[in-house]
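Opening the notebook on a new model today. I want to go through the rings, the strands and the sulfurs, and jot down what I find.

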Amino acid sequence: MVLVVTSAYPIKTKQYKPCKHLVLYFHDIIYNGMNKENATSAIVAAPQGANLTILASQFHFGNIAVFDDPITLDNNLHSKPVGRAQGMYLYDTKNTYTAWLGFSFIFNSTDYYQGTINFIGADPLMNKTRDISIVGGTGDFFMHRGVATLMTDSFEGEVYFRLKVDIKFYECW
């Protein structure tokens, strides 16, 4: 016996709208052995025998970097920071550029925001846009959850990159 159910009415899925939306930029300058004054990130682990000032050759596999990067409201590295992006990324794939991210945006400004936003997830770097999870926050972002869409806004070799972070919160307390 086969039972087929059809409907003349289209099934509508609920479209969720963000309760809060931010667009920020973070700027990463990786330490390369010659830029200690300006570096905001450093390789802290590498494949056996690798140099901690140069990313590994095969898709950077095995490199782990920590960072303390400025966050700005626009894409200018020299703009006044509104906070810091602090955390780590690790290159975890041997056949393409991809990383796993775990980091927080730290805000401590009465002009903009106070508190933290916590992010975690895979970052397939070769995609134009990538989504990672927002898993919580503190202060102005207490118990917030949502999605951050990352886009590489600028890339200068192995030393500098800038990410545009389009933040959409779907749970706001």
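**Entry 1: two tyrosines**

Are Tyr89 and Tyr91 buried or exposed? I looked them up, keeping in mind that this is a predicted model. Both tyrosines, Tyr89 and Tyr91, are buried.

**Entry 2: aromatic rings**

Next I went through the ring pairs. I get 15 aromatic pairs. I picked out Phe67 and Phe103: their ring centres sit 5.8 Å apart with the planes at 55°, so I noted the pair as tilted. Phe67 belongs to strand 3 (residues 64–72) and Phe103 to strand 5 (residues 99–108), so this pair ties together parts 36 residues apart in sequence. I checked accessibility too. Phe67 is buried at 6% relative accessible area, and Phe103 also counts as buried, at 3%.

Then I went back to my tyrosines. The ring centres of Tyr89 and Tyr91 are 5.8 Å apart and their planes stand at 85°, so this pair is edge-to-face; the cut-off for that label is over 60 degrees.

Which residues do the ring pairs link into a cluster? I wrote down Phe26, Phe67, Tyr89, Tyr91, Phe103, Phe105, Phe107, Tyr113, Phe119, Phe141, Phe161 and Phe169. So both of the pairs I looked at have their residues on that list.

**Entry 3: strand 9 and its partners**

I followed strand 9 (residues 160–171) next. Strand 1 (residues 20–29) pairs with strand 9 in the antiparallel sense, over 10 bridges. As one example, I traced Val23 to its bridge partner in strand 9, Asp166.

Strand 8 (residues 145–156) pairs with strand 9 as well, again antiparallel, over 11 bridges. Here I noted Glu156, whose bridge partner in strand 9 is Tyr160. Strands 8 and 9 make a hairpin with 3 residues between them. In the turn I found Gly157 with a positive phi of about 60°.

**Entry 4: His27**

I stopped at His27, which lies in strand 1. Its relative accessible area is 0%, so I have it down as buried. What does the His27 side chain make a polar contact with? I found the side chain of Tyr160, at 2.8 Å. Leaving out residues up to four places away in sequence, His27 touches several others, among them Thr40, Asp69, Pro70, Phe161 and Arg162. Tyr160 is on that list too, and I had already met Tyr160 as the bridge partner of Glu156.

**Entry 5: an odd phi**

Met143 caught my eye: phi is near 60°, a positive value in a residue other than glycine. I flagged this because most residues other than glycine have a negative phi. Met143 sits in the loop between strand 7 (129–139) and strand 8. Met143 is partly exposed, at 40% relative accessible area.

**Entry 6: the sulfurs**

How many disulfides does the structure hold? I found 1. Cys19 and Cys172 form it, with their sulfur atoms 2.0 Å apart. The torsion about the S-S bond of Cys19 and Cys172 is about 85°, so I called the disulfide right-handed. Cys19 lies in the segment before strand 1 and Cys172 in the segment after strand 9, so the pair ties together parts 153 residues apart in sequence. I checked both ends for exposure: Cys19 is partly exposed at 42%, and Cys172 counts as partly exposed at 30%.

Conventions. Residues numbered from 1 in each chain as written. Predicted model: local features only at pLDDT ≥ 70, side-chain atom pairs only at ≥ 80, totals over all residues. Heavy atoms only, no water. Pairing = 2+ DSSP bridges. Helix = DSSP H or I, 4+ residues; strand = E, 2+ residues; numbered from the N terminus. Buried < 20%, exposed > 50% of the residue type's maximum accessible area, 1.4 Å probe, protein only. Polar contact = N/O pair within 3.5 Å; in protein donor to acceptor, adjacent residues only side chain to side chain. Contact = heavy atoms within 4.5 Å. Phe/Tyr/Trp six-rings, centres within 6.5 Å; stacked < 30°, edge-to-face > 60°. Disulfide = S-S within 2.5 Å.
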